[in-house]
Amino acid sequence: GRLQMEALARALNGKGNVAILMGDLANESTRDRTKGVEAVVAKYPGIKVVQKQTAKFMRNDAVDVVSNWLTAGDDIQAIASNNDEMAIGALQALGKNPNHILIAGVDGTPDALQMLKNGKMVATVFQDARGQGEGAVQAAVKLAKGEKVQKIIDIPYQLITKDNMQQFVNRNQK
């Protein structure tokens, strides 16, 4: 959430209204990603969260939520989405995006990378699922051998933009 919102804040030049598309409200990643977005917004006096609603990590639900925001006339310059599926749903709701609402997602999915390439999204965030799996297995093997394991094993998230997207093309295949 922090990485995506920093990218949006830069693209907004520190000013504008942001809407947050949240995933499943019972999901920890929804809470953490939303808190990250809000923490960055708090550092920018010119940026305000004007909408925050769940679309349950689903593309079709995001279409409905964003369509409702647009119909209500909400003044939104950017949408921070808890995942790429909802970000793409937001883009679908925006159609040709005549208001140039900036969109960022999380996951670095192949569809999102295509949206970055086409200039439709500002950013997505790579969550290294393979690295997380490998780290978990390595930790489990060490624990099984009675070896010590770090309390926190950090597999860093990485911001993906149009400038660096090519290096992520084969890293998050379905």
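In this predicted model, helix H2 buries Thr30, Arg33, Thr34, Gly36, Val37, Val40 and Val41. These residues cover an arc of only 155° around the axis, so they sit on the same side of H2. An α-helix has 3.6 residues a turn, so residues three or four places apart point the same way. Turn the view to the face directed away from that buried side and you will meet the exposed residues Glu28, Lys35 and Ala42. What does the buried side pack against? The buried residues of H2 pack against H1, E1, strand E2 (47–54) and strand E3 (78–81). The length of the helix can be checked too: with 15 residues at 1.5 Å a residue, H2 should span 21 Å, and its end C-alpha atoms are 21 Å apart, which agrees.

Stay with Arg33 for a moment, since its side chain leads to another part of the chain. Arg33 and Asp107 meet through their side chains in a salt bridge, with 3.7 Å from N to O. Asp107 belongs to the loop between E4 and H5 while Arg33 belongs to helix H2 (residues 28–42), so the pair ties together parts that are 74 residues apart in sequence. Are these two partners buried or exposed? Both Asp107 and Arg33 are buried.

Asp107 deserves a second look for its backbone. Most residues other than glycine have a negative phi. Asp107, however, has a positive phi of about 130° although it is not a glycine. The loop that holds Asp107 runs between strand E4 (102–104) and helix H5 (110–117). Asn13 is another non-glycine residue with a positive phi, here about 55°. Asn13 is found in the loop between helix H1 (2–11) and strand E1 (16–22), and with 66% relative accessibility Asn13 counts as exposed.

Now back to the charged pairs. How many salt bridges does the structure hold? There are six salt bridges. In one of them, Arg59 pairs with Glu85, and the closest N and O atoms are 2.9 Å apart. Arg59 lies in helix H3 (residues 59–72) and Glu85 in helix H4 (residues 84–94), so this pair ties together parts that are 26 residues apart in sequence. Arg59 counts as partly exposed, at 21% relative accessibility, and Glu85 is partly exposed as well, with a relative accessible area of 24%. Salt bridges that share partners join Arg59, Glu85 and Asp111 into one network. Asp61 and Lys56 form a salt bridge too, their closest N and O atoms being 3.5 Å apart. Asp61 is partly exposed, with a relative accessible area of 24%.

From charges, let us turn to the nonpolar interior. In soluble globular proteins, nonpolar side chains tend to be buried together. The largest nonpolar core here has 27 residues, and Leu21, Val66, Trp69, Ile79, Ile103, Met121 and Ile160 touch the most other members. Elements giving two or more residues to this core are E1, H3, H4 and H5, and H4 gives the most, with six residues. Ile79 is a good place to explore: leaving aside residues up to four places away in sequence, Ile79 touches Leu8, Ala19, Leu21, Val66, Trp69, Ala90, Ile101, Leu102, Ile103 and Ala104. Apart from the largest core lies another core, of 19 residues, among them Ala7, Met22, Ile47 and Ala78.

Note on methods
Residues numbered from 1 in each chain as written. Predicted model: local features only at pLDDT ≥ 70, side-chain atom pairs only at ≥ 80, totals over all residues. Heavy atoms only, no water. Helix = DSSP H or I, 4+ residues; strand = E, 2+ residues; numbered from the N terminus. Buried < 20%, exposed > 50% of the residue type's maximum accessible area, 1.4 Å probe, protein only. Salt bridge = Lys/Arg side-chain N within 4 Å of Asp/Glu carboxyl O. Expected span 1.5 Å × (residues − 1). Arc of directions from axis to C-beta. Contact = heavy atoms within 4.5 Å. Core = buried A, V, L, I, M, F, W, Y, C linked by side-chain atoms within 4.5 Å.
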